[in-house]
Amino acid sequence: MVEQITSMDVDFAQWYTDVVKKAELMDYSSVKGCMIFRPYGYAIWENIQRDLDARFKACGHENVYMPMFIPESLLTKEKDHVEGFAPECAWVTVGGENKLTERLAVRPTSETLFCEHFRNVIQSYRDLPKLYNQWCSVVRWEKTTRPFLRTSEFLWQEGHTMHETEEEAREETLRMLKVYEDFYLESLAIPAVTGQKTPKEKFAGAEATYTIEPMMHNGVALQGGTSHYFGDGFAKAFDITFTGRDNQVRYPHQTSWGVSTRMIGAIIMTHGDDSGLILPPAIAPIQAVIIPIAQHKEGVLDKAGELYDRLKAAGLRVKLDDSDQSSGWKFSQYEMKGVPVRLEIGPKDMENNSCVLVSRVTREKKFVSLDNLETEVKAMLAQVHDELVARAQKNREEKTNDAHTREEFLDIAENKPGFIRAMWCGDAACEDQLKDETGGVKSRCIPFVEDHLSDVCVCCGKPAKHMVVWGRQY
RNA sequence: CGGGGUGUGGCGCAGUUGGUAGCGCGCGACGUUUGGGACGUCGAUGCCGCAGGUUCGAAUCCUGUCACUCCGACCA
């Protein structure tokens with residue numbers, strides 16, 4: 001008997017920890033907050049990288065690599081930025097045997113390094129735009145950590161772009177948020193709320209921060225990715241200038257945007273169930289697993305191997321498990337690991353020139369003819385994707401409530417996990433007050449699509465400027 | 001960073017008033033099984049988180065430290 005995972009309704013946090021361990025996604029290391037990506041977990045990241053990288057390149061971005069060390073003097077050039085990040089930096093003070101004359105931060109993010117470089121390579125409007133992206137890891141000395149969701153070191157991509165005009169940079173900021181939104185929906189099967197962060201919640205040094213906010217199964221939000229418009233603040237701090245078309249010296253306008261391995265946490269907590277992980281087909285390391293039944297019987301393994309070759313030739317990521325574990329054990333194992341489609345092939349199927357397909361989401365068994373195997377498997381993968389989207393959508397809708405008064409807001413915050421939609425006056429004091437009174441509910445974003453719920457702020461009663469989506473977050 | 005919990009074989013755990021470590025699962029071999037987590041026989045695996053201390057003797061008592069976990073605070 002394999003240990004059961006804790007039911008998500010009993011203890012969601014424990015369920016999450018059980019799943020990441022038992023699906024063999026990660027292991028703990030001896031350094032606080034640093035995790036080991038095991039092959040299956042890293043394969044998910046590789047698929048995410050491949051998919052996103054193609055999307056970035058389709059809009060003209062080029063990959064670069066910056067150093068992992070940032071001299072303190074460089075990090076501190078932009079005031080808001082250093083205030084935001086200095087508290088969670090790891091510092092290198094010794095090189096070999098010698099104490100360094102200037103300490104080096106292990107990058108918590110690379111804006112400053114990109115800026116230093118941009119200063120050297122941007123001279124003229126002809127050098128713009130610069131559309132760069134970097135895949136790397138960053139370090140932030142977090143106080144509490146959780147696998148994938150918040151780790152001291154994490155893998156991510158950070159895009160950094162420089163533009164001739166404000167308009168162009170603002171367009172880029174929103175374009176990349178849309179890339180994230182599409183990726184979440186099309187590849188991760190996660191429908192998410194997108195919008196703008198309030199000034200209180202925006203990135204250190206940014207003029208505007210946009211965010212994608214998926215809701216986890218238990219109603220808690222996760223900041224799933226951000227895209228920032230910097231204006232020319234960093235350009236001025238780093239003295240990055242170019243000669244414009246009008247022959248005047250100008251400052252370029254900048255953006256940055258990033259998503260991280262935290263997305264793997266989002267996948268787990270959005271789609272998983274009490275049997276374990278459920279992976280969206282687009283990024284699943286194994287899209288279909290073939291389980292031979294009574295594999296000792298003549299011809300079964302040959303047939304299974306034949307089906308494997310066919311599915312592989314059809315471009316699917318497929319695995320044949322011919323180990324001598326019992327088939328029941330295999331069923332449970334691949335459910336735990338979230339493989340979207342299971343294919344069973346045994347003597348009875350062979351007599352009928354058929355096999356059995358089982359959906360990880362519904363566990364529906366479908367007997368299909370081997371004649372159109374490829375089509376059937378692809379159809380079931382598409383169906384799994386659609387069902388995951390629909391389920392996540394339904395969960396989010398059920399766990400989103402509107403509040404018209406402060407009493408109503410506090411009542412929902414206390415009794416109904418999930419998002420709260422409510423009007424806001426624009427004052428950070430109201431955000432602080434609601435957070436205090438609810439014990440942690442914060443503004444997620446001002447969504448791009450707002451409804452007019454009332455004329456006044458849910459907190460102070462002054463005229464409302466925006467509808468805000470509120471919620472607790474990981 | 002504060003409060004609680006936990007560190008014993010790969011995993012889950014037991015270990016009495018201190019006497020030198022055990023169970024289940026898993027792992028290996030062989031045989032029987034095989035359409036939802038199979039069974040039998042034999043076998044291997046321990047710096048008792050780490051470092052000090054007390055003691056003739058420490059998994060056990062004391063001090064320190066590290067990690068994990070939960071709840072807060074903090075956190076683009």
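This tour passes from one sheet of a predicted model to the helices packed on it and then to the nonpolar cores.

Begin by selecting the five strands of the open sheet, which follow the order 16-15-17-18-19 with mixed pairing. Strand 16 (318-320) and strand 19 (365-369) stand at the edges; each has a single partner strand, so one side of each is left without a neighbour in the sheet. On average, and with direction ignored, neighbouring strands here are turned by 25° against each other.

Next, select strand 15 (residues 288-292) together with strand 16: the two pair in the parallel sense over three bridges. Within this pair, I290 stands opposite L320 of strand 16.

Now add the helices. Helix 10 (residues 327-336) packs on the sheet and touches strand 15 and strand 17 (341-345). The direction of helix 10 makes about 170° with that of strand 15. Helix 12 (residues 373-398) also packs on the sheet, where it touches strand 15, strand 17, strand 18 (354-359) and strand 19. The direction of helix 12 makes about 10° with that of strand 18.

Turn then to the largest nonpolar core, which has 93 residues. Select I290, L307, V341, L343, I420 and A422, the residues with the most contacts inside this core. Helix 12 gives the most to the core, with seven residues.

Centre the view on L307. Which residues is L307 in contact with, leaving aside its neighbours within four places in sequence? They are I290, L343, I345, C355 and L373.

Finally, select A105, L128, F203 and A206, which are among the 22 residues of another core lying apart from the largest one.

Terms used: Residues numbered from 1 in each chain as written. Chains lettered and ligands numbered in written order. Predicted model: local features only at pLDDT ≥ 70, side-chain atom pairs only at ≥ 80, totals over all residues. Pairing = 2+ DSSP bridges. Helix = DSSP H or I, 4+ residues; strand = E, 2+ residues; numbered from the N terminus. Axes fitted to C-alpha atoms, helices over the stretch in contact; angles between N-to-C directions. Contact = placed C-beta atoms within 7 Å. Core = buried A, V, L, I, M, F, W, Y, C linked by C-beta atoms within 7 Å. Buried ≥ 20, exposed ≤ 12 C-beta atoms within 10 Å, placed from the backbone.
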